[in-house]
Amino acid sequence: MSSSTAASGVSPIADAAPMSLCSREPHVPADRLVAEMVPPPRFDSVRFGTYIPDPNQPSQFEAVRVLEGFAGGLGGAHAVGGGKRGLFGFGKAKAPKVPAGPRGVYLDGGYGVGKTHLLASLWHATPAEPSLKAFGTFVELTNLVGALGFQKTVQTLSGHRLLCIDEFELDDPGDTVLVSTLLGKLVDAGVALAATSNTLPGKLGEGRFAAADFLREIQGLSAHFRPLRIDGEDYRHRGLPAAPAPYTEEQVTKAAYATEGSSLDGFPQLLEHLARVHPSRYGALTDGLKAVCLTDVQPIPDQSTALRLVVLADRLYDREVPVLASGQPFDQLFSEEMLKGGYRKKYFRAISRLTALARDGKGLVAPA
């Protein structure tokens, strides 16, 4: 990989240069998109038993109880007792009869209450081979449809026992209709569903919980979901020190050269590069990275750029890649207008996750 020192304007201080994200242009085949629909590395080992409910929030204990029961009910042949079916779940065999009542769960709560932990735990607890369970974000699911086409996606996922959708997005009407239509086909095929979506932390009773919005947007599917409300504060900041302030460019550069498997890029140059890489490939963009070092972090200039950064932040958080940065702090990335607009949920999530990764990156800086 080429050095990123040109972007940062700092001369090399060691023989081995760090990688540069700006030099990477990954190409991801469609079959990899399907194979990677599993809980991200951060959630490889999570289980219901490792979820630590807040003792002051009974709803968190209740969510674990309900989800354990839901997972236990997904055993058997395709979870509905259906007969054998053809390739991708289609064939001439009689379609399985979908049981009455909720066939899915929706985890409804604010940021950092452990919804993804619980969703991944459900995936792990469901008695089926990994190839019969799928886990992905809403964006990854829409990317899969874009790569495979709608009908092939239906065929591919119809043989699954469970589909988990993290970060269900309600701010894009077109994508919401697309995914709702897809889920309707999967429900008809007997696939169980589970979903989460983030909501804006703020005034009580105003946008904090999204169950009503979620059930309204998926319309005909609402009867298939049981909402589980999960109260609580953001665990990423519960009892933890504040995120470290940005470092100097020299500190970031030295840390990049001293950390094996790190990348080093100027933040403005990285934002330009993200515009040339499809968001479905941002996961591959981070393959093999042990740390991301950024210089000259600045406020995001426009909405399209901001949304691309949100996707990259999600992929870095999923993979537990620490971030070290100079320039402006992460809570100043998005303008006040952005934080009050239609995509505010995504921006608050990105701030929360980048702050957590910045805290992880603190140990990369050598003591003064």
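Which residue forms a salt bridge with D314, and how far apart are the closest N and O atoms? Let's work up to that and a few other puzzles; keep in mind that this is a predicted model.

**Exercise 1. Find the salt-bridge partner of D314, then place both residues in the structure.**

Step 1. The partner of D314 is R353, and their closest N and O atoms are 3.0 Å apart.

Step 2. Now locate the two residues. D314 lies in helix α12 and R353 in helix α14, so this pair ties together parts that are 39 residues apart in sequence.

Step 3. Check the surroundings: D314 is buried, and R353 is buried too.

Step 4. Look at who else is involved. Through shared partners, salt bridges join E167, D314, R349 and R353 into one network.

**Exercise 2. Describe the salt bridge between E167 and R353, and say whether each residue is buried or exposed.**

Step 1. The side chains of E167 and R353 meet at 3.0 Å, N to O.

Step 2. E167 sits in the loop between β3 and α7, while R353 belongs to helix α14; with their positions 186 residues apart, the pair links distant parts of the chain.

Step 3. Buried means under 20% relative accessible area. E167 has 5% relative accessibility, so E167 counts as buried. R353 also has 5%, so R353 counts as buried.

**Exercise 3. Of the 12 salt bridges in the structure, take the one between D287 and R32 and work out what it connects.**

Step 1. The distance between the D287 and R32 side chains is 3.1 Å, N to O.

Step 2. D287 is found in the loop between α11 and β7, and R32 in helix α2 (residues 30-35), so the pair ties together parts that are 255 residues apart in sequence.

Step 3. Turn to accessibility. D287 is partly exposed, with a relative accessible area of 33%. R32 is partly exposed as well, at 25%.

**Exercise 4. A search of the whole structure finds 2 aromatic pairs; classify the pair F138 and F168.**

Step 1. A pair of aromatic rings is described by the distance of the centres and the angle of the planes.

Step 2. For F138 and F168, the centres are 4.8 Å apart and the planes meet at 55°, which makes the pair tilted.

Step 3. F138 lies in helix α5 (residues 138-148) and F168 in the loop between β3 (162-166) and α7 (173-188), so the pair ties together parts that are 30 residues apart in sequence.

Step 4. F138 counts as buried at 2% relative accessibility, and F168 counts as buried at 2% too.

**Exercise 5. Classify the aromatic pair F334 and Y347, and explain why it gets that label.**

Step 1. The ring centres of F334 and Y347 are 4.6 Å apart and their planes are at 20°, so the pair is stacked.

Step 2. F334 lies in the loop between β8 (323-327) and α13 (336-339), and Y347 in helix α14 (residues 344-361), so the pair ties together parts that are 13 residues apart in sequence.

Step 3. Both F334 and Y347 are buried.

**Exercise 6. Which residues touch the most other members of the largest nonpolar core?**

Step 1. This core has 37 residues, and L333 and F334 touch the most other members.

Step 2. Helix α12 provides the largest share of the core, 8 residues.

Step 3. Leaving out residues up to four places away in sequence, the contacts of L333 include F267, V297, I300 and L354.

Notes. Residues numbered from 1 in each chain as written. Predicted model: local features only at pLDDT ≥ 70, side-chain atom pairs only at ≥ 80, totals over all residues. Heavy atoms only, no water. Phe/Tyr/Trp six-rings, centres within 6.5 Å; stacked < 30°, edge-to-face > 60°. Helix = DSSP H or I, 4+ residues; strand = E, 2+ residues; numbered from the N terminus. Buried < 20%, exposed > 50% of the residue type's maximum accessible area, 1.4 Å probe, protein only. Core = buried A, V, L, I, M, F, W, Y, C linked by side-chain atoms within 4.5 Å. Contact = heavy atoms within 4.5 Å. Salt bridge = Lys/Arg side-chain N within 4 Å of Asp/Glu carboxyl O.
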